[in-house]
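User: I should like to examine how the descriptive terms applied to this model are justified. Please set each value against the criterion behind it.

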Amino acid sequence: MTELDCLIIGAGPAGTCAALRLLQLGYRVGLVERARFPRSQIGEALTPGIRNILELLQADDALAGLPHIAGRPSVLRWEHDALQPAAQSDTAVVARAEFDARLLALASSRGARLWQPARVQAIEGRPEAWRVQVVETATGTASHLRARWLFEATGRHGTAITRWACAPNLAALWAEFDAAQVAPDCLAATRVEALADAWLWASVLPSGRLRVMVLADPHAIGGGLDSSWRRALASSRSLPALADLAPAQPLRICSAAPYLDTAAWRPGRVKIGDAAFALDPVSGSGVEKAMRFSLQTAVAWHTWSTSTDDAGRSLAQQYFSQQLNQTCARHVRWCAAHYASAWSAAGDFWRARSTPPIQRTTPTASAIGEPTADFFSSLAEAPSAEPPPAGPDQWPANARIRLDAACQLVPQLCVVQDLVRTAPALTHPHLPRAVAFVADQAIASHWGLLRREQTLGELHDALARTMRPEAAGAMVAWLRRSGVMVRAA
Ligand SMILES: Cc1cc2nc3c(=O)[nH]c(=O)nc-3n(C[C@H](O)[C@H](O)[C@H](O)COP(=O)(O)OP(=O)(O)OC[C@H]3O[C@@H](n4cnc5c(N)ncnc54)[C@H](O)[C@@H]3O)c2cc1C
């Protein structure tokens, strides 16, 4: 009987990130993945925030040389009904199957016990003492294991009655064209276009093929996949010539509906990645958010597991719930504003997606499974912090400065040395969220010093007497940039 602390079901980016983090924290980890890798997976455009996650997981080496495309120009048709060059994006388009496979190989090489391709046949027992039967698909061999906790990282697969729709339903139609089939300028840039009743994304993949994806209302597509596809391409500004071209790979469809699972933490089991919340692909940040949430869940679970009292366990669960609700709510709010900004925003497709959901005022039977008040209060937060005034980063070292009077310290759930704790954090109208640490230094520990009226040079020297010089430099740089300091009269 294999004994595990955590059994992770599903080895996409969420599952492997959780595995790598839990291994770092010293746990015995198992992974069950039903597909043989490398397996194809949609979601190849990776946002730059993934870099620091890979750094934390010491996974950079494993991904060195991963086939990818970066630094391509982008062309946008969104706010205006015309194609416009966009600021060069720092998103990288990767060979996603290879990305997932390398992360899994790394988790396995660091000691995660892996069953693949395999399925969970039975789960018995109770929280903290699950008995799980795993069957290998190829041989039918059954393994019996004990696990304290189950981490469900199965992505969008399956249906859960606890999934709450954050926005109207959305479907993705996609296909690939060989480079030889399309004009060279189709391959030269990443394209995002708002159409009259859908939107479109197109980019060359590391394989050299052009991937085109159309996001539309599934009711509008109905059974007419081909006709919807051709109509969307024909109405695009950048790719109308592809409307009558047979793709190199058959047209496919999948759900892209955003949702939040309202019961993601239950006794003895927790959901991560797309199993916990799925984002509208319009931001292209699903993989990053899935990976980040896995790290947060690993730390929440570690706190829960090492707590000796109810207070510690409750803090862990609160942190999990806060991260889940805030991440999802902020994304939902951002998406609604983004849809509302499209040139075609008056159309039905766009109007339905331009307003964030509202909380029901009276609970009804159908309201069971709605998100918590946390979700709705994050949704109602001010859209963004006031921008910092121009200038602080230009101040000379001898300028006399002090913390702005609007700065306050408020208790906040934070991660301190891999555990969830309550720590004082700085709030200010210029900060999008409360900040407890800068360059690993607790801001509250230097509160008296920061509130003094002094020159930037004096502040730097005083900080450098209590911390590493690089940390003092980083803290002063952050204070200047963030807009929480003002020039003394
Ligand atoms: C149309 C579309 C386009 C997208 N584009 C982007 C993009 O450009 N950039 C981006 O960052 N994100 C994008 N995303 C989102 C991104 O793909 C997901 O957020 C990400 O894959 C989530 O990772 P995950 O590990 O939670 O799930 P997945 O990547 O889906 O991994 C889940 C794994 O679990 C396995 N599994 C499922 N059920 C079981 C089971 N019962 N037992 C064992 N194993 C199981 C599956 O085989 C799979 O390997 C897109 C999503 C959609 C729908």
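User: Which residue is the bridge partner of S74 in β14?

Analyst: The model is predicted. In it, S74 has T190 of β14 as its bridge partner.

User: What makes β5 and β14 (residues 190-194) a strand pair?

Analyst: Two strands pair if DSSP finds at least two bridges between them. Four bridges link β5 and β14, in the parallel sense, so the criterion is met.

User: How do you know that β5 also pairs with β6?

Analyst: Strand β5 (residues 74-77) and strand β6 (residues 84-86) run antiparallel and are joined by three bridges. At least two are required, so this is a pair as well. One of the bridge partnerships sets V75 opposite P85 of β6. The connection from β5 to β6 is a hairpin of six residues.

User: Why do β18 and β21 count as paired, and which residue stands opposite Y259?

Analyst: Strand β18 (residues 259-261) shares two bridges with β21 in the antiparallel sense; the requirement is at least two, so the two strands pair. Y259 stands opposite A278 in β21.

User: In what order do the strands of this open sheet lie, and what makes a strand an edge strand?

Analyst: The order is β12-β18-β21, three strands with antiparallel pairing. β12 (163-165) and β21 (277-278) are the edge strands, as each pairs on one side only.

User: How do you know that R39 makes a polar contact with the ligand?

Analyst: A side-chain N or O atom of R39 is 3.0 Å from an oxygen atom of the ligand. The limit is 3.5 Å, so the pair qualifies as a polar contact. Two backbone contacts can be judged likewise: A45 places an N or O atom 2.7 Å from a nitrogen atom of the ligand, and G286 places one 3.2 Å from an oxygen atom of the ligand. Of the 990 Å² that the ligand exposes when taken alone, the protein buries 92%.

User: How many residues surround the ligand, and which are the closest?

Analyst: The shell holds 35 residues, with E33, A45, R96, D274 and V287 the closest. By class, 16 are nonpolar, 12 polar and seven charged. Helices α1 (13-24) and α8 (286-306) each contribute at least two shell residues, and the largest share, three residues, comes from α8.

User: Why is the ligand described as lying between two domains?

Analyst: Domain 1 (2-64 + 94-161 + 259-306) and domain 2 (171-255) both supply residues to the shell, so the ligand lies between them. The assignment also gives domain 3 (392-487), and the C-alpha centres of domain 2 and domain 3 are 48 Å apart.

User: Which residues does the UniProt annotation "domain: FAD-binding" cover?

Analyst: The annotation, from an unreviewed UniProt entry, covers residues 4-321. That span is 28% helix and 32% strand, and its end C-alpha atoms lie 25 Å apart.

User: Where are the cis peptide bonds at P38 and P117, and what are their omega values?

Analyst: F37 and P38 are joined by a cis peptide bond with omega of about -5 degrees; P38 lies in the loop between β2 (29-32) and β3 (45-46). A cis peptide bond also joins Q116 and P117, with omega of about -15 degrees; P117 is in the loop between β8 (113-115) and β9 (118-126).

User: What is notable about the phi of Q417?

Analyst: Q417 is not a glycine, yet its phi is positive, about 45 degrees. Most residues other than glycine have a negative phi. Q417 lies in the loop between β23 (408-416) and β24 (419-427).

How values were computed:
Residues are numbered from 1 along each chain as its sequence is written. This is a predicted model: local features need pLDDT of at least 70, side-chain atom pairs count only at pLDDT 80 or more; totals for chains, interfaces and linings use all residues. Side-chain values use heavy atoms; hydrogens and water are left out. A residue is near a molecule or strand if one of its heavy atoms lies within 4 Å of it. A polar contact is a pair of N or O atoms within 3.5 Å; within protein, one must be able to donate a hydrogen and the other to accept it, and residues adjacent in sequence count only if both atoms are side-chain atoms. Accessible areas come from the Shrake-Rupley method with a 1.4 Å probe; for residues, only the protein chains shown count as cover. Ala, Val, Leu, Ile, Met, Phe, Trp, Tyr, Cys and Pro count as nonpolar, Asp, Glu, Lys and Arg as charged, and the others, Gly among them, as polar. Domain bounds come from an automatic or database domain assignment. UniProt positions are given in the numbering used here, feature names are shortened, and annotations may be inferred rather than shown by experiment.
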